[in-house]
Amino acid sequence: MPNKKSPQRRILIAMDGSLYSRRALEWYSEFLDRPGDYLVFVYVAEPPPVGVGDGMGMIRSAELFQKRLEAMVERARQMATLLDEKCVQLGISRP
């Protein structure tokens, strides 16, 4: 028996920014949303390629890798903000 404070259901929705992932959220909102649901969004980013080398080439590769990683993290943060706004727009309640 679920605890009264815990959500009734946990719903996992994969998000990649595509039309299909946005439509999945809209479909959930239209057909499945229940008060007390706990939505979990998953965004998986493919890591940037790692350069192989030595000396200065390796240092530049590491710096480039770091910059690309930081850009991916920023993209994930932006997507989280957009998802939050979309949930509000769709009337999806937050626990």
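Where does M79 lie? M79 sits in helix α2, and the last view below comes back to it. A quick note before the views: this is a predicted model, in which local features need pLDDT of at least 70, side-chain atom pairs count only at pLDDT 80 or more, and totals for chains, interfaces and linings use all residues. Residues are numbered from 1 along each chain as its sequence is written, and side-chain values use heavy atoms, with hydrogens and water left out.

**View 1. The whole chain, read from start to end.**
Follow the protein chain along its sequence and you get the pattern β-α-β-α. That comes to 2 helices and 2 strands; helices (H or I, at least four residues) and strands (E, at least two) are DSSP runs, numbered from the N terminus. Of the chain's 95 residues, 17% count as buried. Here buried means under 20% relative accessible area, exposed means over 50%, and partly exposed is in between (1.4 Å probe, protein chains only).

**View 2. Two strands side by side, with a helix linking them.**
Strand β1 (residues 10-14) pairs with strand β2 (residues 38-42) in the parallel sense, over 5 bridges. For strands to count as paired, DSSP has to find at least two bridges between them. Pick out I13 and look across to β2: its bridge partner there is F41. Together with helix α1 (residues 19-31), the strands β1 and β2 make a right-handed β-α-β unit. Right-handed here means that, with the strands pointing away from the viewer, the path from the first strand over the helix to the second runs clockwise.

**View 3. The two faces of β1.**
In a regular strand the side chains alternate between the two faces of the sheet. Strand β1 shows this: I11 and I13 point to one face and are buried, while R10, L12 and A14 point to the other and are not. Take R10, in strand β1: R10 counts as exposed because its relative accessible area is 59%. Its C-alpha is 7.0 Å from that of V40, although R10 and V40 are 30 residues apart in sequence.

**View 4. Polar contacts of D37 and S29.**
Look for D37 in the loop between α1 and β2. With a relative accessible area of 3%, D37 is buried. Its side chain makes a polar contact with the side chain of Y28, at 2.6 Å. A polar contact is a pair of N or O atoms within 3.5 Å; within protein, one must be able to donate a hydrogen and the other to accept it, and residues adjacent in sequence count only if both atoms are side-chain atoms. Now find S29 in helix α1. S29 is buried too, at a relative accessible area of 17%, and its side chain reaches the backbone oxygen of L90 at 3.4 Å.

**View 5. Y43 and L69, with their partners from elsewhere in the sequence.**
Y43 is in the loop between β2 and α2, and its relative accessible area of 30% makes it partly exposed. From Y43 to A80 is 37 residues in sequence but 9.1 Å in space, C-alpha to C-alpha. L69 belongs to helix α2 and, at 29% relative accessibility, is partly exposed. L69 and P47 are 22 residues apart in sequence, with 7.1 Å between their C-alpha atoms.

**View 6. The second largest pocket and M79.**
This pocket has a volume of about 170 Å³. Its lining is made up of M15, G17, R22, L25, R75, M79, L82, L83, E85 and K86. A pocket is found on a 1 Å grid over the protein atoms alone, as an open set of points where a 1.4 Å probe fits, with protein on both sides within 12 Å along at least five of seven lines; lining residues have an atom within 4 Å of a point. Helices α1 and α2 (56-90) each supply at least two lining residues, and α2 gives the most, with 6. By type, the lining divides into 5 nonpolar, 1 polar and 4 charged residues. Back to M79: at 6% relative accessibility, M79 counts as buried. The C-alpha atoms of M79 and G17 are separated by 7.3 Å, with their positions 62 residues apart along the chain.

Notes. Points joined across faces, edges and corners; volume = space filled by probe spheres on them. Nonpolar A, V, L, I, M, F, W, Y, C, P; charged D, E, K, R; others polar.
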